[in-house]
Amino acid sequence: MSDLLDRIPYARFLNLQTLVSGDEITVILPFADRLIGNPMLPALHGGSTAALLEMTAMAQVALAFPSPRLPRPINVTVAYLRTGRPVDVYARAAISRAGRRVAHVQAEAWQEARSQPIASLTAHFLLDNP
Amino acid sequence: MHDSFVDTILPQLAAGSAHTGALGFVFDGLHDGEPRIRVPWREDLVGDPDTGVLAGGLVTTLLDHIGGLAVWTAMDEFQPVATLDLRVDYMRAAHPRMDLMAQAKCFRLTPTIAFVRAWAFEVDSSDPVAAAQSAYVVNRIRPAREEAQS
């Protein structure tokens with residue numbers, strides 16, 4: 001299971017690292033220069049944080065609902081709460097509700113302190129149930 | 001709109017940062033006054049190895065970025081902006097192994113906030129892969145205020 005994101009080329013491009021603790025996944029986006037979107041601050045590109053959140057949500061859904069196919073996003077909403085500084089980012093996701101077809105997921109990304117998230121995500125995924 | 005802004009500054013803003021450069025973003029001009037970015041298909045940007053379709057996270061990054069370009073196009077200058085929030089609807093899977101385009105329109109610009117809609121598509125902008133609605137915080141430096149402070 002922890003190798004789920006290793007199968008995804010874009011997750012490898014971002015060098016995402018996955019930790020599975022029981023039924024919860026933590027995904028780490030290690031800092032790299034190529035994640036910088038604003039060289040003047042410098043700050044991470046918001047898109048790299050959004051991609052981390054989306055991959056974390058998808059991995060959490062895949063862990064909870066094992067299926068040969070990856071969960072497909074229907075829509076995602078990302079709120080940017082703080083500037084992403086040039087250090088590692090962590091993310092966790094929680095499934096608020098899952099029906100037969102659709103799962104509703106919330107995720108947060110943080111750097112030094114989990115109590116100070118840099119971005120939050122709300123998403124719906126299509127489940128691959130027969 | 002002055003030529004140097006379209007010819008020099010917008011392409012730099014589209015592809016000039018480390019992240020947009022690493023993703024291969026290319027500025028593709030203004031279309032009906034709306035900026036467009038192209039992302040050439042690449043194996044390492046794929047989100048589902050079974051289908052070869054580009055990753056949702058990449059599409060989100062692209063729509064976030066083209067939205068910023070639409071704000072700068074509306075302002076006709078570069079001023080710092082920051083994405084406040086972004087909602088992306090994934091309407092259909094992208095076609096495998098095809099370049100992706102994104103185009104955006106800033107439909108309301110206030111002194112503090114810009115409201116944007118953006119689309120991602122392969123060929124036909126009326127057949128989008130994904131659509132986004134987003135808001136950006138704008139930090140417009142006002143000359144009158146600067147004079148008052150100096």
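1. How many bridges join strand E5 of chain A to strand E5 of chain B? Five bridges do so, in this predicted model. The strands are E5(A), residues 72–80, and E5(B), residues 81–90, and they run antiparallel. One partnership can be named: A:Ala79 has B:Asp85 in E5(B) as its bridge partner.

2. That junction sits within an open sheet of twelve strands, with antiparallel pairing. The order is E1(A)-E2(A)-E6(A)-E7(A)-E8(A)-E5(A)-E5(B)-E8(B)-E7(B)-E6(B)-E2(B)-E1(B). At the edges stand E1 of chain A (17–21) and E1 of chain B (26–31). Each has a single partner strand, so one side of each lacks a neighbour in the sheet. On average, neighbouring strands are turned by 20° against each other, direction ignored.

3. Next, the helices on the strands. In chain A, helix H2 (residues 46–64) lies across E1, E2, E5, E6, E7 and E8 of chain A, together with E5 of chain B. H2(A) runs at about 45° to E6(A). In chain B, H1(B) lies across E1 and E2 of chain B, at about 130° to E1(B).

4. H1(B) also meets another helix. The axes of H1(B), residues 3–15, and H3(B), residues 56–75, come within 10 Å and cross at roughly 160°. An angle over 145 degrees counts as roughly antiparallel, and H1(B) and H3(B) are therefore roughly antiparallel to each other. Their crossing is right-handed.

5. Which residues make this contact in H1(B) and H3(B)? From H1(B) come B:Leu10, B:Leu13 and B:Ala14; they meet B:Leu69, B:Trp72 and B:Thr73 of H3(B). By class, five residues are nonpolar, one is polar and none is charged.

Terms used: Residues are numbered from 1 along each chain as its sequence is written. Chains are lettered from A and ligands numbered from 1 in the order in which they are written. This is a predicted model: local features need pLDDT of at least 70, side-chain atom pairs count only at pLDDT 80 or more; totals for chains, interfaces and linings use all residues. Axes are lines fitted to C-alpha atoms, for helices over the stretch in contact, and angles run from 0 to 180 degrees between N-to-C directions. Helices (H or I, at least four residues) and strands (E, at least two) are DSSP runs, numbered from the N terminus. Angles under 35 degrees count as roughly parallel, over 145 as roughly antiparallel, 65 to 115 as roughly perpendicular and the rest as oblique. A crossing is left-handed if the near helix is turned anticlockwise from the far one by less than a right angle, and right-handed if clockwise. Two residues are in contact if their C-beta atoms, placed from the backbone, lie within 7 Å. Ala, Val, Leu, Ile, Met, Phe, Trp, Tyr, Cys and Pro count as nonpolar, Asp, Glu, Lys and Arg as charged, and the others, Gly among them, as polar. Two strands pair if DSSP finds at least two bridges between them.
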